[in-house]
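User: I have a chain open and want to go through the fold before I plan anything. Can you walk me through it?

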Amino acid sequence: LIGSLFFFFFFFMLVLSVLAGISLLEYARMIEHLEIKIICFSYVAAGILLCLSFINARENMERLAFLLVLLVIVHVSMEVWTEKGNLKRLVYLLFGYLYAVIPFGMSTFVLRDAHGLYRPEMMLMMFAVIWTNDTCAYLVGMAIGKHKMCPRVSPKKSWEGFAGGMLGALIIAVLISFVFHYYPLMKAIVICLSVAFAGVLGDLV
């Protein structure tokens with residue numbers, strides 16, 4: 001994943017699209033226990049095409065909006081004309097794109113700066129913050145964690161680990177500010193702490 005990030009923008013988007021397809025496949029399997037059957041091949045293929053459509057989305061939002069509307073129309077039509085079609089299945093189908101595909105596609109907005117230049121270090125920063133936050137939170141939590149954050153959802157997460165993860169993210173922010181000079185220190189700190197906090201919140205929600 002990191003190699004493709006610095007190799008070529010379109011190659012990285014292809015890798016992300018494959019990951020989005022795998023995520024969509026896992027989502028389809030996850031909701032099988034709700035007796036919601038999905039034709040996986042066409043569903044995953046549509047998800048991959050949707051993710052790829054985010055390439056140059058900043059310059060061509062109309063194309064992306066058209067594809068999103070087309071996907072909704074196709075799924076609604078299939079549910080209307082199918083004997084076993086129902087609203088619950090339709091909602092789960094569309095939510096799969098929102099949950100498993102669109103976040104991958106929106107990476108394109110992180111990979112390009114305000115001038116449209118490709119900045120792979122922006123995504124690398126996100127990866128570094130998340131990995132550092134998780135690692136520091138785990139190590140600190142295992143070492144001195146006593147006060148649990150949310151025992152019902154994540155029994156091993158502690159406030160001490162949370163603080164350790166945030167400290168790790170803060171250190172990464174300072175390093176990024178020194179290595180990539182176009183990132184002012186305060187901007188790097190805000191971005192890194194926001195990403196770290198969102199990562200923890202995502203684990204608990």
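**Packing around H2**

Analyst: The buried residues of H2 pack against helix H1 (2–7), H3, H5, helix H6 (102–105), helix H7 (107–111) and H8. Buried means under 20% relative accessible area, exposed over 50% and partly exposed in between, with a 1.4 Å probe and protein chains only. Helices (H or I, at least four residues) and strands (E, at least two) are DSSP runs, numbered from the N terminus.

User: Where do these coordinates come from?

Analyst: This is a predicted model, in which local features need pLDDT of at least 70 and side-chain atom pairs count only at pLDDT 80 or more, while totals for chains, interfaces and linings use all residues. Residues are numbered from 1 along each chain as its sequence is written, and side-chain values use heavy atoms, with hydrogens and water left out.

User: What is the mean pLDDT of the protein chain?

Analyst: The mean is 78, and 85% of the residues reach 70 or more. pLDDT is the predictor's confidence in each residue, from 0 to 100. Among the elements, H2 has the highest mean, 87, and helix H4 (residues 61–81) the lowest, 70. Where pLDDT is low, the predicted coordinates should not be read in detail.

User: OK. How many helices and strands?

Analyst: There are 10 helices and two strands. Along the sequence the order is α-α-α-α-α-α-α-α-β-β-α-α. Of the 205 residues, 37% count as buried.

User: Back to H2. Which of its residues are buried?

Analyst: Phe9, Phe12, Met13, Leu16, Ser17, Ala20, Gly21, Leu24, Tyr27 and Ala28. As for length, the 22 residues of H2 should span 32 Å at 1.5 Å a residue (1.5 Å times one less than the number of residues). The end C-alpha atoms of H2 are 31 Å apart, which agrees.

User: And what does Leu24 touch?

Analyst: Leaving aside neighbours within four places in sequence, Leu24 is in contact (heavy atoms within 4.5 Å) with Tyr43, Val44, Gly47, Gly96, Tyr97, Ala100 and Val101. Leu24 also belongs to the largest nonpolar core, which has 16 residues. Leu24, Tyr43, Leu50, Leu71, Tyr97 and Val101 touch the most other members of that core. H2, helix H3 (40–52) and H5 are the elements that give two or more residues to this core.

User: What counts as a nonpolar core?

Analyst: A set of buried Ala, Val, Leu, Ile, Met, Phe, Trp, Tyr and Cys residues joined through side-chain atoms within 4.5 Å. A second, separate core has 15 residues, including Met125, Phe162, Met166 and Ala196.

User: Switching to rings. How many aromatic pairs does the structure hold?

Analyst: Six. Rings of Phe, Tyr and Trp (its six-membered ring) pair if their centres lie within 6.5 Å; planes under 30 degrees apart count as stacked, over 60 as edge-to-face and the rest as tilted. One of the pairs is Tyr27 with Tyr99, with centres 6.0 Å apart and planes at 45 degrees, so this pair is tilted. Tyr27 lies in helix H2 (residues 9–30) and Tyr99 in helix H5 (residues 87–100), so the pair ties together parts that are 72 residues apart in sequence.

User: Are those two tyrosines buried or exposed?

Analyst: Tyr27 is buried, at 4% relative accessibility, whereas Tyr99 is exposed, at 52%. Ring pairs also link Tyr27, Phe95 and Tyr99 into a cluster.

User: What about Phe127 and Trp131?

Analyst: Their ring centres are 5.4 Å apart with planes at 15 degrees, so the pair is stacked. Phe127 and Trp131 are four residues apart in helix H8 (residues 120–144), about one helical turn. Phe127 is buried at 14%, and Trp131 is partly exposed at 46%.

User: Now the C-terminal end. Where is Val200, and what does Val200 touch?

Analyst: Val200 is in helix H10 (residues 185–204) and is buried, with 10% relative accessibility. Not counting residues up to four places away in sequence, Val200 touches Asn133, Met149 and Phe162.

User: And Ala173?

Analyst: Ala173 sits in helix H9 (residues 159–179) and is buried at 0%. Beyond neighbours within four places in sequence, Ala173 is in contact with Leu185, Ala188, Ile189 and Cys192.

User: Last one: where is Phe54?

Analyst: Phe54 is in the loop between H3 and H4, and is buried at 4% relative accessibility. Phe54 and Gly105 are 51 residues apart in sequence, with their C-alpha atoms 5.3 Å apart in space.
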